[in-house]
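Ready for a few short exercises? Open the structure, try each task yourself, and then compare your steps with the worked solution.

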Amino acid sequence: MPSPPVLLQDFLHSATVRQRYWARSMAGWPLLAVACPNSAHRALARLEAAGRLARLVTQNVDGLHQQAGSTEVIELHGNIASVRCVDCGARYSRDSIQRRLERENPERMGADATMAADGDADSAWKSGDRFLVPTCTRCAGMLKPTVVFFGEAVPKERVAAALQALDEADALLVVGSSLMVYSGYRFCLRAAERGKPIAAVNLGQTRADALLSLKLEQPCAQALSALVARLRIEAPGRGSDMRLPPG
């Protein structure tokens, strides 16, 4: 079974937990670094370019929406591609930290891993194994990826920006989320309070099922690709522009 996610307080107060996180992240980062957007990411980017989607609020931390071409993105839980010093605030690219991890822990090179939450990974590592955790080169402080860990609050400014975008929108579309985490569910509550229709594309139950005006139980890629085709939104480079036909 997958290991439980790292909790913020455990990461901050336990050297062993930090060893576990970085050992597993070292194994998982090569998988995440080469990940590519899928057709669902690309469909959302095309909807934005065509003026059908005003703002994309995501709980994902992989940056794939931006890679696909989306520009109006609010990353509620941050982005795993950067690392911050908890003590002095210095920032580093995750790639640079990976190089340090591999240089200082060569015995962990090539360890098998599968991706898990918050940039963690499921990989064989046990307490007591040798592992050097990276520290800040400026102050020797603690490094943490710039993602929201379990038990950590989403920054207020991100929530405020997402709520403002929702207030300015005509409707809310939920894509591929059960909404069991409150950080996403709150936007459905807000939309319902303001009388805005809510549509969802998700396989299985969502926490907001009672609030939905429309629900499609289909794979996200299939449903969004069909929507783009139905709206006759061409892929970039295929037509003279991205405008929709009249009506």
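**Exercise 1.** Work out what share of the residues counts as buried, and which secondary structure elements the chain holds.

*Solution.* Keep in mind that this is a predicted model. Start with burial: 42% of the chain's 247 residues count as buried. Next, go through the secondary structure, which gives eight helices and 10 strands. Finally, turn to the surface: the accessible area of the chain is about 13,300 Å², and carbon and sulfur atoms account for 52% of it.

**Exercise 2.** Find where E75 sits, and decide how its charge is placed relative to side chains of opposite charge.

*Solution.* Locate E75 first: this residue lies in strand β2, residues 73-75. Then check its surroundings: E75 is buried, and the nearest side chain of opposite charge, R158, is 7.3 Å away. A salt bridge requires a distance within 4 Å, so E75 has none. Now look for other polar partners: the side chains of E75 and Q66 share a polar contact of 3.1 Å. To finish, list the neighbours of E75, leaving out residues up to four places away in sequence: T58, G63, Q66 and R158.

**Exercise 3.** Determine how strands β8 and β9 run relative to each other, parallel or antiparallel, and where the side chains of β9 point.

*Solution.* Begin with the pairing: β8 (residues 172-175) and β9 run parallel and are joined by four bridges. For one pair of positions, V174 stands opposite A200 in β9. Then follow β9 (residues 198-201): I198 and A200 point one way, while A199 and V201 point the other way. Check burial last: all four of these residues are buried.

Methods
Residues numbered from 1 in each chain as written. Predicted model: local features only at pLDDT ≥ 70, side-chain atom pairs only at ≥ 80, totals over all residues. Heavy atoms only, no water. Helix = DSSP H or I, 4+ residues; strand = E, 2+ residues; numbered from the N terminus. Buried < 20%, exposed > 50% of the residue type's maximum accessible area, 1.4 Å probe, protein only. Lys, Arg positive; Asp, Glu negative; His and termini not counted. Polar contact = N/O pair within 3.5 Å; in protein donor to acceptor, adjacent residues only side chain to side chain. Contact = heavy atoms within 4.5 Å. Areas by Shrake-Rupley, 256 points an atom, 1.4 Å probe, with all protein chains shown as cover. Pairing = 2+ DSSP bridges.
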